[in-house]
Amino acid sequence: MSEFAQLVYESIRRANASGQAGSLAHLYLYSLNRLSMPEAELALDQIKRYVLPQMAVEDLSGASAGPSAVYQPDAAIRSYERYAAAHDISAELDERVLLWLLDGDFDDGTQTECRNTCLTYGVTPALLVRPQQQQEPDFGFGEQVNEQWASRHDGYDLVGRDETLERHLGLLSILIRQGEHYLLEGPPGVGKTVFARELVRRAYTRWQASADPGLANVRFLICSPKDFLGTDEENRARLEALFSYLRRNVHVVPVFDGFEFFTNPALNTYTHFRSLFGGVLSSRGRTYMLISRTANSSGADLVKRIKATALDPLPQGATLQVVKQRLSRLRVSESQQLCFDTSEDEFCNTLLQIAEERYPGRFFPEIAIHLAESAVGRSVHRTLYAKEPPLWTVSITDLWQHVAEEQGIGTEVLGKNPREFYAGVRAKLRQEVVGQDHAVEIVCRWLAAQAKRPPSRVPRGRFLFVGPPGVGKTQLGRTLARALGFGEEAFFRFNMSEYGTDAARTRFMGADPGYVGFKSTRTIYDMVRSRPSCVVLLDEIDRAHSSIQDILLSILEGEGKDAEGASVYFSQVIFIMTTNLGQDAVAAMYDDALSKSVPRRGLADGLTDARLRALLLEGVQDDAEADMKQYLDEQIRTAKDRFAHFGKGESGTSESGRLEAIVSFVQMREMQQRLERARRNSSFDRAFLDRVDAIVPFFPIKEGALLRKILELQLKTAGWDDCPELAKMWILQEAMREKESIRPLQRLIQHYWSILEQDERQATEGPVNGQRGTASEQ
């Protein structure tokens, strides 16, 4: 009989002698009694007090037939022998038994309570295994944390995180004593990997000399995604080898850096990792360190019981120190010391300002380090290969040129004085957007003011253009994208009338994972993620479904989440939203001003932002709707009067008359309520208008001089530079007869161009099929 088998039967015999049924709690009693540790004493006291009394039995008269126990001794012996063979732990019997019990594979009803009691008071596997029992991994991947690893200075000093590191070091020690997991979350670029490595290095170095065996025995093994980039079979074999090693070395804390990689269903590691480590992560007993991006939705079920600790972006002051450290190492190249065309402080401060303003979805310190390395690399390449001055100098121009290339922005628009730059933008817009100088002035004035302010997460501009169709609202947005250096490819137009149903929401923001349409369309999030600096036109925003308008509320605040839960930042976006609501009020003011010969530049003075907001909040209502409302009010009053009148007549007549009056009143009242609902649907929500920076009126264009200027621009765009004066007169005369005088211009240009081309063919080839006269004459 083995030593453990003798212990099992002896513990049952002693329990029976004390009037109790044998249980695993008595094996805990045996093992904890032999550990001279305060944690063991506390756990032992709790088990004696609360678990053992539950094993009391009144009658053990049947004990002569054999020992009385709440579990099968033979099954327990077989479970222990399998565990001992798999782990090969050279320790005393009491420690081996306790390790087997804490592993929790065998249960008799008392196991869970006893195990949780031990873990609560810090009796964990790491407390029991001695450092000399550690087995070095031999599977050829991962980083074993040892003295050599800890002494190697890998990377740069961790700046601005000392206080946070000490707090996390204390938290990690508590979690290891309790057998709980450590989860560090944060957005990409905040330095989670560097932070976690320094945390592990400090923990290993400091705990080596600790008098607490639960910490002194701890070792770390770091695994990252680069260790699992092989085939499906290779990754499965590596994960199995890692799992087997961790089972044999219970004192080793694995560190999974880039945890979102292991829980991504699209990768071949997902199924194997989940099947091997899913149970361990969802229970207590030993500590795993998980380093993950924020909002790792794919692994949410694995870590739902683990309390995450967030790592925030590095403050700007600490990031400045990091950048200076990195620059001091990068500036030595080809035995030459690079210098700055300005002072180092000015260069670094400009770099931080650019990073914060132009890269809303990236965080300190990563984006600052990226820009520093890119600027230095660009200057070295310019010096060694292009031989362009200034040689061996890191200039702010190098930095701006890299940002322009990376973000698809024209280099001529970066680093300019806002007042001078937007004066140029204003001039370009006035050349191409005819007759709406007040709108150009409002937009440019707002953007220039925003450029002078510190960077924020709110979009650069949020404008609502109000007016009839075909007067330049879309043209202003497209021209603005070009004038700002974004280009036509950074002008994104959404016709919101196509998103008038709740089902259309998935086309706007994307279908949820697993549903039809997932990643089948390019959403607003995809567009802005690819081009952070852009102009987004939401045409006829009032026709979008209410669910989409709700989504826009968060987007207009500067941040939105796509269907997968990933954050997208809109701080560099200029939103232009258009609506035809209120166009009657705009047109009426225009007609009135035109009849009084009021100059066009004075039109906007009478239709201010405040007046337009009140109009849109109240709900726009034309003359026909006002007449409908008045008519229904009169019919309701008439029905009330008829009801009162028939109440005074004879009984028979009055009864039927009163009923007819009631029916009429109910019908008119229902119509009145439906008309009111329709009027409310033609208004904007206050929460939406509060997120609009400026409401800009666009007035009709019926003046001949302005139409002539617009025609010249469209002829140039169409390539008809030699258009005869007579054709121009025909086009303008017909356009003036149209209600929308600008929209038909393109159609009329094509129409008369084709007529004149036909005249030219007839002049050279002769009449076709006996026709008389030219096409223009006909």
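A residue is called buried here when its relative accessible area is under 20%. The structure is a predicted model. By that cut-off, C223 is buried, because its relative accessible area is 0%. C118 is buried too, with a relative accessible area of 0%. Across the protein, buried residues make up 48% of the 778 residues.

**Cysteines**

A disulfide requires two cysteine sulfur atoms within 2.5 Å, and the count by this rule is zero. For C118, the closest cysteine sulfur belongs to C114 and lies 6.9 Å away, which is too far for a bond.

**Overall make-up**

The protein has 32 helices and 17 strands. Among contacts between residues at least 6 apart in sequence, 76% join residues at least 24 apart.

**Nonpolar cores**

The largest nonpolar core has 107 residues, and the members that touch the most other members are L464, F494, I524, V536, L538 and F575. Helix α17 (residues 366–386) supplies the largest share of this core, eight residues. The core lies between domain 3 (316–406) and domain 4 (418–511 + 520–618), because both domains give residues to it.

L464 illustrates how such a residue is surrounded. Setting aside residues up to four places away in sequence, L464 touches I541, M577, T578, T579 and L616, and also F684, L689, V692, A694, I695 and V696. A second core, separate from the largest, has 36 residues, among them V8, A40, L44 and L102.

**Helix pairs**

Two packed helices are described by the angle between their axes and the distance between the axes. The table gives these values for two pairs.

| Helix pair | Residues | Axes come within | Crossing angle |
|---|---|---|---|
| α17 and α18 | 366–386 and 396–407 | 9 Å | roughly 110° |
| α1 and α2 | 3–17 and 24–33 | 9 Å | roughly 110° |

Angles of 65 to 115 degrees count as roughly perpendicular, and α17 and α18 are therefore roughly perpendicular to each other. On the α17 side, the residues that meet α18 are H370, L371, S374, A375, R378, S379 and R382. Their partners in α18 are D398, L399, Q401, H402, V403, E405 and E406.

α1 and α2 are likewise roughly perpendicular to each other. F4, L7, V8, S11 and A15 of α1 make the contact with H26, L27 and Y30 of α2. V8 of α1 is also one of the residues of the second core.

**An enclosed helix**

Helix α24 (residues 546–555) is largely enclosed by the rest of the structure, because seven of its 10 residues are buried. These buried residues are S547, I548, Q549, I551, L552, L553 and I555. The cover over them includes the helices α22 (505–509), α23 (524–530) and α29 (686–689). It also includes the strands β13 (534–539), β14 (559–561) and β16.

**A loop residue**

N580 sits in the loop between β16 (573–579) and α25 (583–595). The relative accessible area of N580 is 21%, so this residue is partly exposed under a rule that reserves "buried" for values under 20%. N580 and P469 are 111 residues apart in sequence, yet their C-alpha atoms are 7.0 Å apart in space. Leaving aside neighbours within four places in sequence, N580 contacts G467, P468, P469 and K473, together with E540 and D542.

How values were computed: Residues are numbered from 1 along each chain as its sequence is written. This is a predicted model: local features need pLDDT of at least 70, side-chain atom pairs count only at pLDDT 80 or more; totals for chains, interfaces and linings use all residues. Side-chain values use heavy atoms; hydrogens and water are left out. Buried means under 20% relative accessible area, exposed over 50%, partly exposed in between (1.4 Å probe, protein chains only). A nonpolar core is a set of buried Ala, Val, Leu, Ile, Met, Phe, Trp, Tyr and Cys residues joined through side-chain atoms within 4.5 Å. Helices (H or I, at least four residues) and strands (E, at least two) are DSSP runs, numbered from the N terminus. Domain bounds come from an automatic or database domain assignment. Contact means heavy atoms within 4.5 Å. Axes are lines fitted to C-alpha atoms, for helices over the stretch in contact, and angles run from 0 to 180 degrees between N-to-C directions. Angles under 35 degrees count as roughly parallel, over 145 as roughly antiparallel, 65 to 115 as roughly perpendicular and the rest as oblique.
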